[in-house]
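Open your viewer and get ready to select residues by number. Each stop tells you what to pick and what you will find there.

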Amino acid sequence: MPTPKVGMQGCHCSQAVPGAMLALKGKHVTVANNAGCHCSQAVQTTGVLQLRGYHRAPIGRHAPIPVIRSIDPKRLAVAGIGIVDIIAPRGPISESRSKMPPQKPKTPREATVSRARQSDTIDDGETEQMLLAEKLANWTHKLKYTDLTPEAIHETKRRFIDSLGTALGAYKGTPATITRKTALNLPKAKSGHGAVVVGTKHRTTPDMAAFANGAHIRYLDFNDTYLSKEPAHPSDNIAATLAVAQDAGRSGKDLILATVIAYEIQCSMCDAASLRAQGWDHVTYGAFSAALGASKLWGLKADEMVHAQGLAGVCNIATRQTRTGQISMWKACAFSNACRNAVFAANLARQGFTGPHEIFEGPKGVFKMLTNGPYDPVLGSKKTGYMINKTYIKFWPAEYHAQSSIDAALQLRTQFMADGYKPNDIKALHMESFEAAVSIIGSEPEKWRPTSRETADHSMGYMTVAALLDGKLDRDSFSPKKFKGKKYLDLLDRTTISEAQDLNEGYPDGIPNRLILTMNDGKHYTLTVKYPRGHAGNPMTDDEVETKFRGLADGVIPKALQNKLLDSMWSLDKAKDVKNLWQFNVK
């Protein structure tokens with residue numbers, strides 16, 4: 001962004017510091033013509049504003065006018081801001097130069113210049129901190145396939161297998177059917193362009209392919225997860241990276257790299273700040289991660305990636321009502337919609353379309369409006385590893401906070417059955433958990449009387465009860481016959497939940513849940529599970545990932561096609577292009 005000029009011609013001060021630079025440490029201020037300035041020492045000639053640690057504020061005609069009061073010739077007090085240091089003058093700007101109109105950029109994409117390239121070293125040796133969007137863009141732009149670890153590459157292949165499996169498992173579901181039909185009704189993309197709608201040979205625009213495929217991946221709530229200050233389902237990003245890789249004619253290595261980038265951006269944001277605490281939904285972060293993954297594949301420059309983030313982020317702010325109360329089909333589409341708009345934003349940015357500046361730090365940006373303060377995500381490297389290896393594949397088709405509760409229920413069932421008890425001998429069940437689990441899937445009345453599949457797979461009580469009574473939890477567990485069944489509701493009525501401090505302390509390193517069963521004769525069974533199967537602390541094997549895939553694909557596609565698809569994903573790094581990945585007809 002061009003450095004703004006601070007015009008002081010309207011100031012009626014008796015003394016002045018010609019040509020000074022103002023440096024505001026750790027504060028944010030917008031400065032315009034100081035016609036209302038009441039100070040004894042100020043800048044009367046045109047000066048330059050330098051904001052250290054945050055950003056330069058653009059000067060607008062209707063920008064607020066701060067009141068400046070002098071402390072001494074080297075320090076100023078700005079009302080509502082605090083103490084301001086005056087850096088050594090760099091000479092006055094001539095009257096003729098100050099009146100020169102700003103130069104028009106040659107192209108729209110040149111409207112904002114990356115601070116990384118124009119940052120000045122201030123006289124005391126400190127260098128300005130770049131904007132967060134610039135930091136993310138620079139990291140994304142510079143990262144190469146050779147920077148990835150073997151573990152990240154291998155894990156990405158596993159996530160493509162897992163994601164296609166969950167997409168096939170959801171293929172006949174209503175949300176998948178509707179979104180697929182919507183995409184198929186659009187005109188086919190030109191030969192060699194566009195992206196595949198999963199389970200078909202139809203190619204559509206990459207943004208619509210991302211939407212439809214994302215709904216397939218997400219619907220069963222069986223795709224991967226990351227839990228931290230903010231929860232996430234990072235494989236949702238795959239719908240965007242695959243679509244753009246196909247449209248751009250990229251290789252398997254390119255697709256792997258972009259997917260690792262998208263995982264890294266979203267999960268590092270989840271580590272940095274909570275959206276849920278302010279009532280916003282985690283898919284808001286997904287607009288940034290998917291946009292940067294798409295930008296990498298389309299070959300955007302770093303400054304164009306900054307604009308892509310502005311375009312994607314400013315209009316993809318989602319409330320958490322998606323996951324509150326009785327849950328609707330939109331849960332399957334919340335992130336796929338973010339992917340659709342992120343791909344659209346990256347496509348605009350690569351053509352020179354500019355986005356809102358300072359999407360994070362601005363007066364109406366993410367920090368101010370969504371997270372109640374700034375954050376600085378820590379990004380991975382070959383030395384430190386990448387976030388994708390810290391995320392979890394789901395072993396059961398259930399909201400992740402309940403995975404360890406389901407695990408504990410199945411283990412306890414084995415124990416009490418071995419002791420000669422049956423499920424109908426259970427008198428009461430008490431669940432102890434951590435704040436996030438209690439809040440998200442255990443506190444609302446609707447979670448204790450689910451009326452939809454989407455609510456049932458977000459009801460910790462129902463899923464734990466189903467595992468205890470049936471000895472399993474699978475797709476059939478979420479049929480209305482089950483979650484409305486009398487025996488399930490009777491035990492659900494004898495089930496309670498509470499938050500436990502020791503379990504809070506174990507999250508988010510683990511997903512600790514404790515079950516306490518009381519049998520009719522007074523006998524108690526207690527078990528705590530911290531790392532359920534599939535967690536990074538208890539990962540699934542490659543064979544288990546394949547078994548999960550085949551279980552979801554059975555009845556949708558034949559074994560021979562399953563084998564072919566598995567081979568293509570295990571060898572993804574060898575693919576010269578990915579145009580036909582996930583392209584097949586479900587009969």
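Begin just past helix 13, at G420. This residue follows the helix and has a positive phi, near 95°. Keep in mind that you are looking at a predicted model.

**Stop 1: helix 13**

Now select residues 403–418. That is helix 13, with 16 residues. How far apart are its end C-alpha atoms? They are 23 Å apart, which agrees with the 22 Å expected at 1.5 Å a residue.

Colour the buried residues of this helix. Among them are I406, L410, L412 and F416. Polar and charged names appear too, including Q403, D407 and R413. What covers the buried residues of helix 13? The cover includes strand 11 (426–433), helix 16 (460–470), strand 13 (513–519) and strand 14 (524–529).

**Stop 2: the hairpin**

Stay with two of those elements. Strand 13 and strand 14 pair in the antiparallel sense, over six bridges. Pick T518 and look across: H524 of strand 14 stands opposite. Four residues lie between the strands of this hairpin. In the hairpin, G522 takes a positive phi near 95°.

Next, show the side chains of strand 14. Which of them are buried? Y525, L527 and V529 are, and they point to one face. H524, T526 and T528 point to the other face and are not buried. This fits a general pattern: in a regular strand, side chains alternate between the two faces of the sheet.

**Stop 3: aromatic pairs**

The whole structure holds 15 aromatic pairs. Select Y421 and Y525: their ring centres are 6.1 Å apart and their planes stand at 90°, so the pair is edge-to-face. Y421 sits in the loop between helix 13 and strand 11, while Y525 is in strand 14, so the pair ties together parts that are 104 residues apart in sequence. Y421 is buried, with a relative accessible area of 16%. Y525 is buried as well, at 6%.

Move on to Y462 and F483. This aromatic pair is edge-to-face, with 6.4 Å from centre to centre and 90° between the planes. Y462 belongs to helix 16 and F483 to helix 17 (residues 480–483), so the pair links parts of the chain 21 residues apart. Both Y462 and F483 are buried.

Rings can also gather in a group. Select Y285, F288, F360, F367 and Y375: ring pairs link them into a cluster.

**Stop 4: charges over rings**

Show R340 and F211 together. The charged end of R340 sits over the ring of F211, 5.4 Å from its centre. Then show R453 and Y219. Here the charged end of R453 sits over the Y219 ring, 5.6 Å from its centre.

**Stop 5: the nonpolar cores**

Return to F360. Along with W582, F360 has the most contacts inside the largest nonpolar core, which has 144 residues. Which helix gives this core its largest share? Helix 8 (residues 252–272) does, with eleven residues.

Leave aside the neighbours of F360 within four places in sequence. The contacts of F360 then include L132, L136, M269, F288 and Y375. Another core, of 13 residues, lies apart from the largest one. Its members include A170, A215, Y219 and F222. In soluble globular proteins, nonpolar side chains tend to be buried together.

**Stop 6: unusual backbone spots**

Select Y507 and P508. A cis peptide bond joins them, with omega about 10°. P508 is in the loop between helix 19 (501–505) and strand 13.

Go to D221, in the loop between helix 6 (206–218) and helix 7 (238–248). Its phi is positive, about 55°, although D221 is not a glycine. Is D221 buried or exposed? D221 counts as buried, because its relative accessibility is 0%.

E358 is another such residue: not a glycine, but with a positive phi near 50°. Look for E358 in the loop between helix 11 (334–350) and helix 12 (366–369). E358 is buried, with a relative accessible area of 9%.

**Last stop: M540**

Find M540 in the loop between strand 14 and helix 20 (542–553). M540 is buried, at 5% relative accessible area. Now add I393. The two residues are 147 residues apart along the chain, yet 7.4 Å separates their C-alpha atoms. M540 is in contact with I393, and also with residues including R158, K394, F395 and V545.

Definitions and conventions: Residues numbered from 1 in each chain as written. Predicted model: local features only at pLDDT ≥ 70, side-chain atom pairs only at ≥ 80, totals over all residues. Heavy atoms only, no water. Helix = DSSP H or I, 4+ residues; strand = E, 2+ residues; numbered from the N terminus. Expected span 1.5 Å × (residues − 1). Buried < 20%, exposed > 50% of the residue type's maximum accessible area, 1.4 Å probe, protein only. Contact = heavy atoms within 4.5 Å. Pairing = 2+ DSSP bridges. Phe/Tyr/Trp six-rings, centres within 6.5 Å; stacked < 30°, edge-to-face > 60°. Lys NZ or Arg CZ within 6 Å of the ring centre and 35° of its normal. Core = buried A, V, L, I, M, F, W, Y, C linked by side-chain atoms within 4.5 Å.
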